[in-house]
Amino acid sequence: MGNLDNIQKTAQKLIVLCQKEKTTKTDKEKMLQLQSEILSSIERLTECDLCGSISELIVKMTLADVSAQLCKECSIKSIQSGKIQKSTPRKRSSTPKKQNSPSTSNSKPKEIEKPPESPLELHTRIEAQTGIKKTDVKRLHKIFQDIATPMNLDNTITYVKKEVELAKLKVDEKALQKAVELLFAA
Ligand SMILES: [Zn+2]
C-alpha cells in the first residue's frame with residue numbers, strides 16, 4: 001500500500017475515533033499512535049527531483065552522469081531526451097535588496113537623500129514655527145488631509161479656518177495661516 005493511501009486510511013481511523021459518542025483515555029492513546037503513523041508515512045513520501053510531485057513510483061535514475069529521483073512522467077521524459085534536465089534553481093525575487101548602508105555608499109558619493117518627513121516630524125516643525133500646540137497641529141493636519149479636491153493655498157486656508165471654527169479649536173489666525181502654508185508645502 002502506498003504512503004498516500006496509508007495516510008488517508010489512518011486519518012480515517014482518527015476521524016472515527018473523534019466521532020465516537022464517548023471518547024476515552026484509550027482512544028486518546030490510539031489517536032497518538034495513529035498520528036505518529038501518519039507522520040512517518042508523510043516522511044516516507046518521496047518527491048520527484050524534477051517536478052516535485054509526490055508519487056509512489058519514484059525511480060532513481062542516472063543519465064549522462066546526472067542522477068535524480070524521478071516520477072514516472074519525468075523519467076520517461078528524461079529517457080526520451082537522453083538527459084535529466086535539472087531545472088536551475090529559480091532566482092528568487094524576494095532576495096533581500098542591497099541595503100543602502102552608509103558604509104557601502106562610500107565608494108560613490110551620492111547625494112544624501114533626506115528621508116520623507118514623518119507626520120510627527122512635520123507636526124513638531126509646525127509647532128515650533130507657529131506656536132500651535134502639537135495636538136492642534138495634528139487636527140489641522142487631519143482637516144487638511146480630508147480636503148477631497150485639492151484647492152489653491154488661499155482657498156485651503158479659508159477652508160481650514162472654517163473647519164477650525166466648527167471644531168471650536170482655539171488657534172491664532174496668523175498662526176493658523178502659517179500652519180496651513182507649511183502643510184501645503186509639506
Ligand atoms: Zn516528476
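Here is a quick tour of this structure, from its overall layout to one helix.

The model is predicted, so to speak on paper: local features need pLDDT of at least 70, side-chain atom pairs count only at pLDDT 80 or more, and totals for chains, interfaces and linings use all residues. Residues are numbered from 1 along each chain as its sequence is written.

The protein chain has seven helices and two strands, in the order α-α-β-β-α-α-α-α-α from the N terminus. (Helices are DSSP runs of H or I with at least four residues, strands are E runs of at least two, and both are numbered from the N terminus.) Of the 186 residues, 14% are buried, meaning that 20 or more other C-beta atoms, placed from the backbone, lie within 10 Å of the residue's own; exposed means 12 or fewer, and partly exposed is in between.

Now for helix α4, residues 119-130. Its twelve residues reach 16 Å from first C-alpha to last, close to the 16 Å expected at 1.5 Å a residue (1.5 Å times one less than the number of residues).

| Residues of α4 | Status |
|---|---|
| H123, I126, T130 | buried |
| L120, E121, A128 | exposed |

The buried residues of α4 are H123, I126 and T130. They cover an arc of only 65° around the axis, so they sit on the same side of α4; the arc is that of the directions from the helix axis to the C-beta atoms. These buried residues pack against α5 and α7, with contact meaning C-beta atoms, placed from the backbone, within 7 Å. After α4 comes G131, with a positive phi near 80°.

Conventions. Two residues are in contact if their C-beta atoms, placed from the backbone, lie within 7 Å.
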